[in-house]
Amino acid sequence: MAAALGALRVLLPSSPPLSPSFQRPRRRRSTVLAMVQEQATQGASVTYAREMERLSAKESLLLAFKDAGGFQSLVSGKTTEMHRIDVNERIVGLERLNPTPRPTTSPFLEGRWNFEWFGAGSPGLRSPATLANLLGLDMLIKDGYANVTANLKFLNSIETKFLLRAKLSVEGPTRMKEEYIEGLLETPTVSEQAIPEQLKGAFGQATGTLQQLPASLRDAFTNGVTIPLSGTFQRLFMISYLDEEILIARDAMGAPDVLTRLDASPGQITADPVITEYES
């Protein structure tokens with residue numbers, strides 16, 4: 001019996017081993033899978049590192065505003081050159097990490113924003129605080145329009161608001177056009193206790209004169225003064241950075257304005273874009 005089995009083994013050839021060319025695809029698939037997994041891990045690490053860098057740059061910029069004295073120091077002309085350079089460096093550092101490639105059509109653009117920084121100092125904003133003072137400046141962007149509100153104080157006693165309405169047109173992924181429509185100067189509110197002694201007589205005369213005006217004129221003054229501005233001014237600007245908290249825009253000269261969000265959190269913002277078509 002054993003001899004017969006031995007004869008059969010001699011007569012029947014054994015199955016040949018798998019050739020290397022047949023075994024290679026399995027090893028190749030394993031190698032490719034390992035490479036894909038490694039690249040995915042590296043990609044996630046790079047993305048995480050970039051996001052941490054962006055958040056750090058945002059915090060650094062906000063701290064630079066505080067160190068520079070904030071909005072009041074800027075509009076009164078007290079911000080030093082060193083602080084301006086420091087803030088501008090941090091603005092540039094944050095712009096290169098912009099997470100929104102098409103900010104002009106991003107849902108993050110809509111909302112109420114507070115001005116934190118002006119790139120170019122305006123001489124009109126540098127009057128002595130006892131004469132005129134810009135207390136704050138904010139902007140509401142909605143449905144393709146911008147409504148800017150400036151809170152003003154004159155002679156430390158007269159407070160008013162100037163409202164500016166402008167149309168916004170999208171001209172590219174980062175570029176927009178702003179066209180003024182109208183301005184409104186609200187009726188001032190006066191703190192009589194804060195009026196300088198030398199001006200109280202003039203204030204009393206002005207108040208008396210106002211009361212003597214016809215009712216139609218008096219009501220018009222009470223409702224504020226509207227200033228038509230259509231066709232008077234327009235400008236181009238670009239949005240160099242936008243996320244759920246910070247907006248940076250630069251005018252044609254490259255001067256940056258930095259704004260921070262005042263209204264609801266980004267999670268409550270609609271996902272529909274603000275404007276979807278570019279104007280040529």
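This passage describes selected helices, loops and strands of the structure. The model is predicted.

Helix H2 covers residues 20-67. Tyr-48 lies within this helix. Its relative accessible area is 55%, so Tyr-48 is classed as exposed, the cut-off being over 50%. Tyr-48 also belongs to a nonpolar surface patch. The other members of the patch are Met-52 and Leu-55. Together the three residues present about 300 Å² of accessible area.

Helices H3 and H4 come later in the chain. H3 spans 70-75 and H4 spans 81-95. The loop between them contains Thr-80. Thr-80 has a relative accessibility of 38% and counts as partly exposed. That class falls between the limits of 20% for buried and 50% for exposed. The side chain of Thr-80 forms a polar contact with the side chain of His-83, at 3.0 Å. Thr-80 can also be placed relative to Ala-68. Twelve residues separate Thr-80 and Ala-68 in sequence. In space, their C-alpha atoms are 7.5 Å apart.

Strands E2 and E3 were examined next. E2 runs over 132-142 and E3 over 145-154. Asp-143 sits in the loop between these two strands. The phi angle of Asp-143 is near 55 degrees. This is a positive value in a residue other than glycine. Asp-143 is exposed, with 55% relative accessible area.

Thr-149 gives a view from within strand E3. Its relative accessible area is 13%; Thr-149 is therefore buried, as the value is under 20%. Leaving aside residues up to four places away in sequence, Thr-149 touches Gly-136, Leu-137 and Asp-138. Thr-149 also touches Lys-161, Phe-162 and Leu-163. In a regular strand, side chains alternate between the two faces of the sheet.

Further pairing involves strand E8. E8 comprises residues 234-242, and strand E5 comprises residues 175-185. E5 and E8 run antiparallel and are joined by five bridges. Glu-179 has Gln-234 in E8 as its bridge partner.

E8 also pairs with strand E9, which covers residues 246-251. This pairing is antiparallel and extends over five bridges. Met-238 has Arg-250 in E9 as its bridge partner. E8 and E9 form a hairpin, with three residues between the two strands. E8 thus has antiparallel pairings with E5 and with E9.

Technical notes
Residues numbered from 1 in each chain as written. Predicted model: local features only at pLDDT ≥ 70, side-chain atom pairs only at ≥ 80, totals over all residues. Heavy atoms only, no water. Helix = DSSP H or I, 4+ residues; strand = E, 2+ residues; numbered from the N terminus. Buried < 20%, exposed > 50% of the residue type's maximum accessible area, 1.4 Å probe, protein only. Patch = residues over 30% accessible without salt bridge, like charges linked within 9 Å, V, L, I, M, F, W, Y side chains within 5 Å. Areas by Shrake-Rupley, 256 points an atom, 1.4 Å probe, with all protein chains shown as cover. Salt bridge = Lys/Arg side-chain N within 4 Å of Asp/Glu carboxyl O. Polar contact = N/O pair within 3.5 Å; in protein donor to acceptor, adjacent residues only side chain to side chain. Contact = heavy atoms within 4.5 Å. Pairing = 2+ DSSP bridges.
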